[in-house]
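Reader: Please take a close look at a single part of this model, the interior and what packs there. I would like one connected account.

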Amino acid sequence: MLEYIVIGTVVAAFIAAGILSYLFTPPVKKFAHKVGAIDVPKDNRRMHKEPIPRLGGLAIFGGFLCSILIFGQLDQTMLCVLLGATIIVALGIFDDVLALGAKLKFVVQIVAAAIPVCVGGLQIELFTNLNPFSDAPYFHLGIFAIPVTIIWIVGITNAVNLIDGLDGLAVGVSSIAAITMLAVALLTGNMAIAITMAALAGACIGFMPYNLNPAKIFMGDTGSTFLGYMLATVSIMGLFKFYAVISFAVPFLILGLPIFDTANAIIRRVAAGRSPMSPDRGHVHHKLIDMGFNQKQAVAILYAISATLGLTAVVLTSSGEVKAIVLLLAVLAAILVGAGVIYGTEHWGKHPLEEEQEPAGAAEEQPQEGENPDSAAQEEKENHE
């Protein structure tokens, strides 16, 4: 009987968040027009041709928050997470309207991450010990737990923001990640995480009809940073506390696509002698478009990759350690082969990347007239469809 109540609560949280997110989107769209939160295509990094309103993330946040307040289990840690998420959403609203500087956004994100970490006790206290010569199953972080946790939250928050470059991409990948975390939470009996992820997945899916190609509204930084923040914090609450070998691998698999794209962007830009926050046209979704895929095809490919990684994470939580290690190595090998194909094609294709055609500091990379020159990364927030 108890199991039916739990499943019913999870389903109710999912449906409520989805319906509310769907209903909130039209008024949010009108509000975006009134306050001038409009994404105007300025360069070839943007895939859309007409101005499209932002702030769609406000509808996602509204649907999620209403659902979690009704069905969620609100302990001190979750309340701190919700407070931090509210700060992230408020920052995103101002950023979508006013185009804030990168330094200010980074500081506010650190503050939002520090609230659940320092007040709510949400910390990554240990990792799986990968040292084959040690008998200890875990490596304890000690005094480094707080900075490592804050770095994880801020990093994933921005990683989801960076993949928001095609219609429906970020919201779809976040939906898949949330559903994966929901499945893992159900398998491990963590009902608080299951309800939270059901509400988040429902809010994302309720917004998707307005955001799929051709998009009628973008989620903006309001949505992408909120989704990244929630996925990062909940992964700490539920996924870094598994047993033995898989405790370190599961959250990295679920969030594998945004982590890979962000790491690649940082390495690519630093290797070229540029700021790691400078915008370019070298993200995975850009490469798929340059290979000849249209937006819908590119998004479908990235959905499939995210779903495969998510399914792998679920299998890792329900299999023996030997099977888990074999599966993990197989997935990593497949990722390396796929990355080699995608990144090797740019040398043979007909559409070389913009960054290879023009030197750093070219006209397209300069801040637009009227924008804040202190924020080389502020255009990255507009890397929408």
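Author:

**Contacts in the interior**

In this predicted model, serine 224 is in contact with Thr157, Val160, Asn161, Asp164 and Met219, when neighbours within four places in sequence are left aside. Serine 224 belongs to helix H8, which covers residues 220-238. Its relative accessibility is 0%, so serine 224 counts as buried, the cut-off being under 20%.

The nonpolar core comes next. The largest one has 84 residues. Phe64, Met197, Leu200, Phe226 and Met230 are the residues with the most contacts inside this core. Helix H7, residues 191-211, supplies the largest share of the core, 13 residues.

Leucine 200, named among the residues with the most contacts in the core, can be followed further. With residues up to four places away in sequence not counted, leucine 200 touches Phe64, Ala178, Phe226, Leu227, Met230 and Leu231. Of these partners, Phe64, Phe226 and Met230 are also on the list of residues with the most contacts inside the core.

The cysteines remain. The count of disulfides is 0. Cysteine 80 is in no disulfide, because the nearest cysteine sulfur, that of cysteine 118, is 10.0 Å away, and a disulfide needs the sulfur atoms within 2.5 Å. Cysteine 80 has 8% relative accessibility and therefore counts as buried. Cysteine 66, by contrast, is partly exposed, because its relative accessible area is 31%, and the partly exposed class lies between 20% and 50%.

Definitions and conventions: Residues numbered from 1 in each chain as written. Predicted model: local features only at pLDDT ≥ 70, side-chain atom pairs only at ≥ 80, totals over all residues. Heavy atoms only, no water. Helix = DSSP H or I, 4+ residues; strand = E, 2+ residues; numbered from the N terminus. Buried < 20%, exposed > 50% of the residue type's maximum accessible area, 1.4 Å probe, protein only. Contact = heavy atoms within 4.5 Å. Core = buried A, V, L, I, M, F, W, Y, C linked by side-chain atoms within 4.5 Å.
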